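Thanks for coming. I will go through one small model today, and you can follow along on the screen.

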Amino acid sequence: MERKQFGLGDVVQMKKPHPCGTNAWKVIRMGMDIRIKCTGCDHSVMLPRLEFERKLKKILSHGEEQE
Ligand SMILES: [Zn+2]
């Protein structure tokens, strides 16, 4: 199975959109936990990396900073 590559600053689409109606999240913190921010309403959530990878649908755009 293909492993999705994502990095800081990437904008990603999740399997479920945020209740505000937006489904584009920016990765603002990488680590054991991933923090993503809704680009629609600026709400941010922290998810364990595994859970994030499970909920990730696709990467919409890549940020400049790549690890
Ligand atoms: Zn939102």
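Take the contacts between residues at least 6 apart in sequence: of these, 39% join residues at least 24 apart. Keep in mind that this is a predicted model, so what I report is computed from predicted coordinates.

One such pair sits towards the two ends of the chain. Gly63 and Asp10 are 53 residues apart along the chain, yet their C-alpha atoms are separated by 4.4 Å. Gly63 lies in the segment after β5, and that strand covers 56-61. Which residues does Gly63 touch, once its neighbours within four places in sequence are left aside? The contacts are Gly7, Leu8, Gly9 and Asp10. Is Gly63 itself buried or exposed? Gly63 has 15 C-beta neighbours inside 10 Å, so it counts as partly exposed.

Now a pair that is also separated in sequence, but with another outcome. Pro48 and Val11 are 37 residues apart in sequence, and their C-alpha atoms are 17 Å apart in space. Pro48 belongs to strand β4. It has 11 other C-beta atoms within 10 Å and is therefore exposed; the cut-off for that class is 12 or fewer.

Next, the overall layout. There are one helix and five strands in the protein. Reading from the N terminus, the order is β-β-β-β-α-β, which places the helix between the fourth strand and the fifth.

As for dimensions, the C-alpha trace spans about 30 × 25 × 20 Å along its principal axes. Why would one call 11 Å an expected radius of gyration here? A compact globule with 67 residues would have a radius of gyration near 11 Å, and the protein has 11 Å, so the two agree. Of those 67 residues, 15% are buried.

Now the sheet. In what order do its strands stand? The order is β4-β3-β2-β1-β5, in an open sheet of five strands with antiparallel pairing. β4, residues 44-48, and β5 are at the edges with a single partner strand each, so each has one side without a neighbour in the sheet. From one strand to the next, the twist averages 40 degrees.

Let me go through some of the pairings. Strand β1, residues 11-14, runs antiparallel to strand β2, residues 25-29, and two bridges join them. Within that pairing, Val11 has Lys26 as its bridge partner in β2, and Val12 has Trp25. β1 also pairs with β5, again antiparallel, through four bridges. There, Gln13 stands opposite Lys58 in β5.

On the other side of β2 is strand β3, residues 33-38. These two strands pair in the antiparallel sense over four bridges, and Arg29 stands opposite Arg35 in β3. How many residues make up the hairpin connection from β2 to β3? The hairpin joins them through three residues.

After β3, the chain goes through a loop to β4, and Asp42 is found in that loop. Asp42 is not a glycine, but it has a positive phi of about 65 degrees. It counts as exposed because 9 other C-beta atoms lie within 10 Å.

Last, the interior. Which residues make up the largest nonpolar core? There are nine: Phe6, Val12, Trp25, Val27, Ile34, Ile36, Cys38, Phe52 and Leu56. β2 and β3 each supply at least two residues of this core. The largest share comes from β3, with three residues.

Val12 is a useful member to look at on the screen. Not counting residues up to four places away in sequence, Val12 touches Phe6, Trp25, Val27, Ile36, Leu56, Ile59 and Leu60. Among these, Phe6, Trp25, Val27, Ile36 and Leu56 are also members of the core. Trp25 is thus listed twice for Val12: as its bridge partner in β2, and among its contacts.

To recap, we have a predicted model with an open sheet of five strands in antiparallel pairing, one helix, and a largest nonpolar core of nine residues. The contact to remember is Gly63 with Asp10, at 4.4 Å between C-alpha atoms and 53 residues apart along the chain. That is all I have.

Terms used
Residues numbered from 1 in each chain as written. Predicted model: local features only at pLDDT ≥ 70, side-chain atom pairs only at ≥ 80, totals over all residues. Rg over C-alpha atoms; globule rule 2.2 N^0.38 Å. Buried ≥ 20, exposed ≤ 12 C-beta atoms within 10 Å, placed from the backbone. Contact = placed C-beta atoms within 7 Å. Pairing = 2+ DSSP bridges. Axes fitted to C-alpha atoms, helices over the stretch in contact; angles between N-to-C directions. Core = buried A, V, L, I, M, F, W, Y, C linked by C-beta atoms within 7 Å.
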